[in-house]
Amino acid sequence: VVEVNAGTAVEDFIAIDTETGGVRPGRHALLSIAAVPSWDRGRGFSVFTEPFEGSIVEPEAAKKNGYNASLWTQRGAVPLELGMLRLTDWLRECFKQKPGALMLAHNAGFDRMFLDEASHITGLQLPIRHAWRCSMDKLGTLMDRGIIPAGRANLDRLGELAGLWPVGARPAVHEAAGDAMACLLGFEW
């Protein structure tokens, strides 16, 4: 995928994914964040965060992302502020390496809302530019143009089409690290 940004070819993306306690930022917990740069896939970022004070983890969300307090403790979950600080530092380093890199997410609006709310809660401004790409949007465009058959535009289907997993075989528990990589590979597909 090559796009044009201010006259410069852009091939560099930072794919990011969040796992949450529901669908409402500020009410539901941000539970994990993972990201992977397209130019160095071995240098991914991942952090599990403790639910912030007053936040909720809905049972259906916990079923989807595997959240439970003891598992998160085993995985080294940190307070939201520390997780966001680590993400901020990691992103700054990525943007030093590739200043023109764009952020990428599957259903980017969802992840952006949770990251924006976490920035608001912690007072930490992420160095994320406003230039985002959305693999869900791209998948929808391919269907709208008749390039691929109509169907759902979710990450499950993108992974299937890109050959990341067989039809219906996406791991039942969604983890941010695997989903960020699936988003990147699917978008490149």
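**Figure 1. Buried residues of helix α7 in a predicted model.** The residues of α7 that count as buried (under 20% relative accessible area, with exposed over 50% and partly exposed in between; 1.4 Å probe, protein chains only) are A176, D179, A180, A182, C183, L184, G186 and F187. The model is predicted: local features need pLDDT of at least 70, side-chain atom pairs count only at pLDDT 80 or more, and totals for chains, interfaces and linings use all residues. Residues are numbered from 1 along each chain as its sequence is written, and side-chain values use heavy atoms, with hydrogens and water left out.

**Figure 2. Span of helix α7, residues 176-188.** Helices (H or I, at least four residues) and strands (E, at least two) are DSSP runs, numbered from the N terminus. The expected span is 1.5 Å times one less than the number of residues. For the 13 residues of α7 this gives 18 Å, in agreement with the 18 Å between the end C-alpha atoms.

**Figure 3. Cysteines C94 and C183.** No disulfide (a pair of cysteine sulfur atoms within 2.5 Å) is present, a search of the whole structure finding 0. The closest cysteine sulfur to that of C94 belongs to C183 and lies 15 Å away, too far for a bond. C183 is likewise in no disulfide, its nearest cysteine sulfur being that of C134 at 7.5 Å. C94 is buried at 0% relative accessible area, and C183 is buried at 1%.

**Figure 4. Surroundings of S32 in strand β4, residues 30-37.** S32 is buried, with a relative accessibility of 3%. Leaving aside residues up to four places away in sequence, S32 contacts D17, T18, E19, V47, F48, T49 and A176, contact being heavy atoms within 4.5 Å. Of these partners, A176 is also one of the buried residues of α7.
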